[in-house]
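Please look over the sequence and the structure shown below, and then read the short report that follows.

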Amino acid sequence: MISLTRFVAAAAVATALTSTAWAGSTLDRIHETKVLKVATSANWPPQSFLGPDNQLQGFDIDVASEIGKRLGSKVDFVTPEYGIITAGRWSNRWDLSVGSMTPTTERTRVLDFPAIYYYTPYVFAVHKDAAGTKLADLNGKIIGVEAGTTSEDYINRRLKIDAADVPPFTYDVTPGEVRTYGDSMGPLDDLRMGNGVRLDATLSALPTIVAAIKNGYPVVKVEGKPAYYEPLAIAVDKGDEAFNSALTKIVTDMKADGTLKQLSEKWYGADLTQVQ
């Protein structure tokens, strides 16, 4: 018969081993339910968008699915408005955001960013009838951007990026008016109506512009260097260090074994997991 002392000691060891693998309330819940709840966008190709079968697909979807696989869980996606995700205090509505989010100063007050998984250049685009437009030509023009994003911060000259190895940037355009939209495709939808009909230009991620052009949007990239390079990170609600550590290791492993590079090349045709 095992003594009470030995039983307590054995139980303590078992608990310690379990907490090492699944420490923290979020990891405990994921381990028990075998479900990872991920917040992302439903209308941001090629990062995440609804395919012909009405199922989410894209780079972020593949990254999130791989994270779920390495946590031993399936992934359930939710698509709340972006501003709700960045506001934090998720109250367990979802566990993780894989939505190409930049770790800005303001966001780090309410969210943790366990790992940067790629970088993307942001560029201006205009209607094809305005091809040949230079950055200086956009001064005083109507520029459309997605609300609550780094593009809105940049165009309003208040962008702050808290991440290592990101090239410095300058503000080269002074808009006459800034119009904001609920998602990244809104400005492109208005821009496709004609040069200056509703917008003169938009500022967006280069992959989004490229994808729009491939899908028949009559837009072209403005000549010149990218406005800035945006580091994109996975995000979690603040305070669960065990979950943070697990995610950091998973993304580090995905970089080391080439998985992230492969997914980037699949969706972007280039390795965006490091600044070029």
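## A buried acid

The side chains of Asp60 and Tyr117 are joined by a polar contact of 2.7 Å (a pair of N or O atoms within 3.5 Å, where one must be able to donate a hydrogen and the other to accept it, and where residues adjacent in sequence count only if both atoms are side-chain atoms). This is a predicted model, in which local features need pLDDT of at least 70 and side-chain atom pairs count only at pLDDT 80 or more, while totals for chains, interfaces and linings use all residues. Residues are numbered from 1 along each chain as its sequence is written, and side-chain values use heavy atoms, with hydrogens and water left out.

Asp60 lies in helix H3, residues 59-70 (a DSSP run of H or I with at least four residues, numbered from the N terminus). Asp60 is buried, meaning under 20% relative accessible area with a 1.4 Å probe and protein chains only. Asp60 has no salt bridge (a side-chain nitrogen of Lys or Arg within 4 Å of a carboxyl oxygen of Asp or Glu), and the nearest side chain of opposite charge, that of Arg107, is 12 Å away.

## Enclosed spaces

The structure holds two cavities of 30 Å³ or more (sets of points on a 1 Å grid over the protein atoms alone where a 1.4 Å probe fits but cannot get out, with lining residues having an atom within 4 Å of a point). The largest has a volume of about 70 Å³, and its lining includes Trp44, Tyr122 and Thr149.

The second largest cavity has a volume of about 40 Å³, and Arg107 and Glu230 are among the residues that line it.

Notes
On a 1 Å grid over the protein atoms alone, a cavity is a set of points where a 1.4 Å probe fits but cannot get out, and a pocket is an open set with protein on both sides within 12 Å along at least five of seven lines; lining residues have an atom within 4 Å of a point. Grid points are joined across faces, edges and corners, and a volume is the space filled by probe spheres set on the points. Helices (H or I, at least four residues) and strands (E, at least two) are DSSP runs, numbered from the N terminus. Buried means under 20% relative accessible area, exposed over 50%, partly exposed in between (1.4 Å probe, protein chains only). Lys and Arg count as positive and Asp and Glu as negative; His and the chain ends are not counted.
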